[in-house]
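Please open the structure in the viewer and keep the selection panel at hand. The tour proceeds by short selections, each followed by a description of what is found there.

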Amino acid sequence: MEEKACTCTGIRFCALCADSARVREVFENKELLRSADAVIANQSQKDRSSSYSFALLNKSKYALCAECGATFKLRDHPFRACAEHAGMEQEPKRIGGLHVMENIVTPDMEQSLLDFFDNTPEPFGGWKVSQSGRRKQDYGPKRNFKKKKVKPSDIPHMPLVFKKLFADVSQAVSGPTGKPFDTVEVSVLEYTTERMSNFDPHVDDTWLWGDRIVGLNLLEDCIMTFVDAEGDALDVCLPRRCLFIMSGESRYTWMHGIRPESILNRRVSMTMRELSDELLSDTEAATMIKEAAHSFI
C-alpha cells in the first residue's frame with residue numbers, strides 16, 4: 001500500500017504539501033532564503049545550509065551535452081548526443097569534473113537491483129518515506145552531519161546484489177578520474193510523478209564524503225539541474241542506466257538537484273559515495289566503515 005505520510009519540512013515540498021501555508025510562505029518570502037553563493041560557499045562551515053530553494057531558481061538557461069561535455073543555450077530540451085546541437089555556438093560556462101557514461105549496467109542487472117529494492121523487507125531493505133515526495137533506502141554507516149559523528153549501521157554489511165555493481169563502478173570511475181572508486185555508502189531514492197518528487201539543489205556533504213560522487217540512473221531518462229554561485233541553472237540529460245560522476249567543480253562549486261517537472265513516471269537513483277580524506281585519516285572509523293562496505297550477504 002502506498003504511504004500517505006508527508007515528511008517535508010523547511011523549504012521542501014511534495015504533492016501532499018505543495019499548497020500548504022508553510023510552502024506558500026517559502027515562495028512568497030524569498031528574502032528569508034539563502035542565496036546560491038552563500039549555500040555553496042558555506043559547505044564546510046558550521047552554518048552550512050544543506051540546500052537551495054526552488055523558490056529562487058529560475059528556468060534553466062543552459063544545457064550541457066552528455067556526450068561531449070560542451071555547454072549551449074537551452075532550447076527545448078537538454079542534449080543527449082552531439083548531433084542535437086550541430087551548428088550551435090558553445091557557451092563559455094562549463095562544469096568541470098562532470099562525466100556521464102551510458103549503459104554501465106545491463107538491463108538484467110537493472111532489473112535485479114529493482115527487484116531487490118521493491119521486494120526486500122526491513123530491516124535490510126524496504127522503502128521508507130523521505131522528504132520532497134521521495135522514498136529512500138540507505139546502505140552504509142549512520143551519520144550525523146551537524147555533529148560530525150559516524151558509527152556502524154545496525155546491519156554492517158552490503159547486499160550481495162551490490163557486489164558486482166561495486167566492482168563495475170570502481171573500474172568505470174577509474175577511467176576519467178585516474179583511480180578506482182571505493183564505495184562505502186549507497187543512497188537509493190525513488191521519484192514518482194504523482195508525488196511531485198524532487199530534490200532541491202544542494203552540495204553533498206564535504207566532511208564525510210570524498211571528492212567523487214557517483215550516481216546510477218535507473219528506469220527513466222532524467223534531467224538533472226546544476227546551479228552555480230550566480231544562481232544560473234544548467235540542465236544535463238541522464239540517460240537510463242547511465243553512470244554519472246561529479247568531481248571537481250561539479251562536486252564543490254555547482255549545486256545539483258531534480259526539478260519535479262523533470263520526473264516522468266518512476267525514477268530510481270543510486271548514489272554511491274567514498275570517504276573523504278579527513279575520514280580516511282581517522283584510521284579506526286575508516287577501517288570500521290570499509291570493513292562493512294566490503295562485506296556482502
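Begin by selecting Lys-93 together with its surroundings in this predicted model. Leaving aside neighbours within four places in sequence, the residues in contact with Lys-93 are Tyr-62, Thr-71, Asp-228, Glu-230, Asp-232 and Trp-254.

Next, display the side chains of Lys-93 and Asp-228, which make a polar contact at 2.7 Å. Add Asp-232, whose side chain makes a polar contact with the side chain of Lys-93 at 3.4 Å.

Now show the backbone around Lys-93. This residue belongs to the loop between strand 2 (71–73) and strand 3 (98–101). Is Lys-93 buried or exposed? Its relative accessible area is 17%, so Lys-93 counts as buried, the cut-off being under 20%.

Move to Pro-92, which is also found in the loop between strand 2 and strand 3. Pro-92 has a relative accessibility of 75% and therefore counts as exposed. Select Ala-70 as well: Pro-92 and Ala-70 are 22 residues apart in sequence, and their C-alpha atoms are 8.9 Å apart in space.

Continue to strand 3 and display its side chains, which alternate along the strand. Leu-98 and Val-100 point to one face and are buried, whereas His-99 and Met-101 point to the other face and are not buried.

Finally, add strand 13, residues 243–246, to the selection. Strand 3 and strand 13 run antiparallel and are joined by 4 bridges. To conclude the tour, centre the view on Leu-98, which stands opposite Met-246 of strand 13.

Conventions:
Residues are numbered from 1 along each chain as its sequence is written. This is a predicted model: local features need pLDDT of at least 70, side-chain atom pairs count only at pLDDT 80 or more; totals for chains, interfaces and linings use all residues. Side-chain values use heavy atoms; hydrogens and water are left out. Helices (H or I, at least four residues) and strands (E, at least two) are DSSP runs, numbered from the N terminus. Buried means under 20% relative accessible area, exposed over 50%, partly exposed in between (1.4 Å probe, protein chains only). A polar contact is a pair of N or O atoms within 3.5 Å; within protein, one must be able to donate a hydrogen and the other to accept it, and residues adjacent in sequence count only if both atoms are side-chain atoms. Contact means heavy atoms within 4.5 Å. Two strands pair if DSSP finds at least two bridges between them.
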